[in-house]
Amino acid sequence: MEFKSSAQLIIYGILVFLGILGNILVLVTILATTLENHGLAASDIILTNLAAVNLLIATFRNILLFVTESGVNILLPLNWCRVFMFLWVWLRSVSVWVTFFLSYFHFLKIKQHFHLSTKMKEIIYVLTILFAVWFVNFLYAIPAFIYSRTVSGNETRTLMVVSTTLEPLLGCDWKFPNHESGIVFEKFTLVLHEGMPIVLMIGTNLSTVFYLNQHIRAIADEHLHSVHMERTAAKLIMALVTLFVLCSGTHLVAVIYYNHNGGPPTASLLTLANYCASVFIGFSPLLLAGGHSKLRNKVCKVMHIKIYS
């Protein structure tokens, strides 16, 4: 087990619960805002995708991990293992790239290079990119369906790619034709969905902050309210990229260390990676929603109704 004490397991369970609650709250809030305004902004479409995919990850993986770590032994048959392995790889990959796309979209808006003649064309552009993200990662996840296997008993993993559990979750593990092909797939996955997004997110968000600072200096004497709003946006952007880098970086280090070393710190690294994954799923949509003035006001209104009505 990765969680060596009841306290660790309880903390993880709280993070999973907060992740589910937070993403549901964001989705409900966006729906309420859409109905109220009779329309959906392009940035809200991206945020909806991010909240939805993170909610699915929490539902189809984190809850199951919490249940199995609580002592419930669940072993899936081969066909269900293939389905769940496929879903885990697909949803995680989509979550990473939708997060980056939201950051990149904000960068385009700040840099003022994103000029489309109508709001509808902007929405079509965003929907096209999101469809491509879901479809390309669907194709990428197909090997998870093909190279899945089911195990029995308390076997440990021979190769770790996406999951960060010593024992195969739900009895599902990888079965590549040979160890070398598995290592190649693992390295490709870590570069594509861990290393590259970290570099891109850092570069994009630093560029966004740079252009924000330039714009703030240009209008500081005339538009104090705008300056305050843009500084708030800059802080939220940096908070998001920091959260992303810490969580993805922890996962990257844990998986590489397990596959190529497997020393005593492995269990602690995997536990930390699981915590970080739940933190990112739970708090990234709320963090982004916090920088969206209309959405933030609506969240406060929804919470007020729930508490005091």
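**Notebook: one disulfide, a first helix and a nonpolar patch**

I began with two cysteines, Cys81 and Cys172, and noted that both are buried. I keep in mind that this is a predicted model.

I searched the whole structure for disulfides and found one. It joins Cys81 to Cys172, with 2.1 Å from S to S. I looked up where the two ends sit: Cys81 is in helix α3 and Cys172 is in strand β2, residues 172–174, so the link ties together parts that are 91 residues apart in sequence. I then read the angle about the S-S bond, which is -85 degrees, and entered the link of Cys81 and Cys172 as left-handed.

I also checked Cys247. Its relative accessibility is 9%, under the 20% limit, so I entered Cys247 as buried.

Next I turned to helix α1. It runs over residues 6–37, which is 32 residues. From the first C-alpha of α1 to its last I read 46 Å, close to the 46 Å expected at 1.5 Å a residue. Just after α1, I found His38 with a positive phi of about 55 degrees.

Last, I looked at the surface. I found a nonpolar patch there with about 940 Å² of accessible area together; among its residues are Trp80, Phe131, Leu139 and Ile146. The elements that give two or more residues to this patch are α3 (78–111), α4 (119–140) and α5 (142–146). Which helix gives the most to the nonpolar patch? I noted α4, with five residues.

I picked out Ile142, another member of the patch, and placed it in helix α5. Ile142 has 31% relative accessibility, so I entered it as partly exposed.

Note on methods. Residues numbered from 1 in each chain as written. Predicted model: local features only at pLDDT ≥ 70, side-chain atom pairs only at ≥ 80, totals over all residues. Heavy atoms only, no water. Helix = DSSP H or I, 4+ residues; strand = E, 2+ residues; numbered from the N terminus. Expected span 1.5 Å × (residues − 1). Patch = residues over 30% accessible without salt bridge, like charges linked within 9 Å, V, L, I, M, F, W, Y side chains within 5 Å. Areas by Shrake-Rupley, 256 points an atom, 1.4 Å probe, with all protein chains shown as cover. Salt bridge = Lys/Arg side-chain N within 4 Å of Asp/Glu carboxyl O. Buried < 20%, exposed > 50% of the residue type's maximum accessible area, 1.4 Å probe, protein only. Disulfide = S-S within 2.5 Å.
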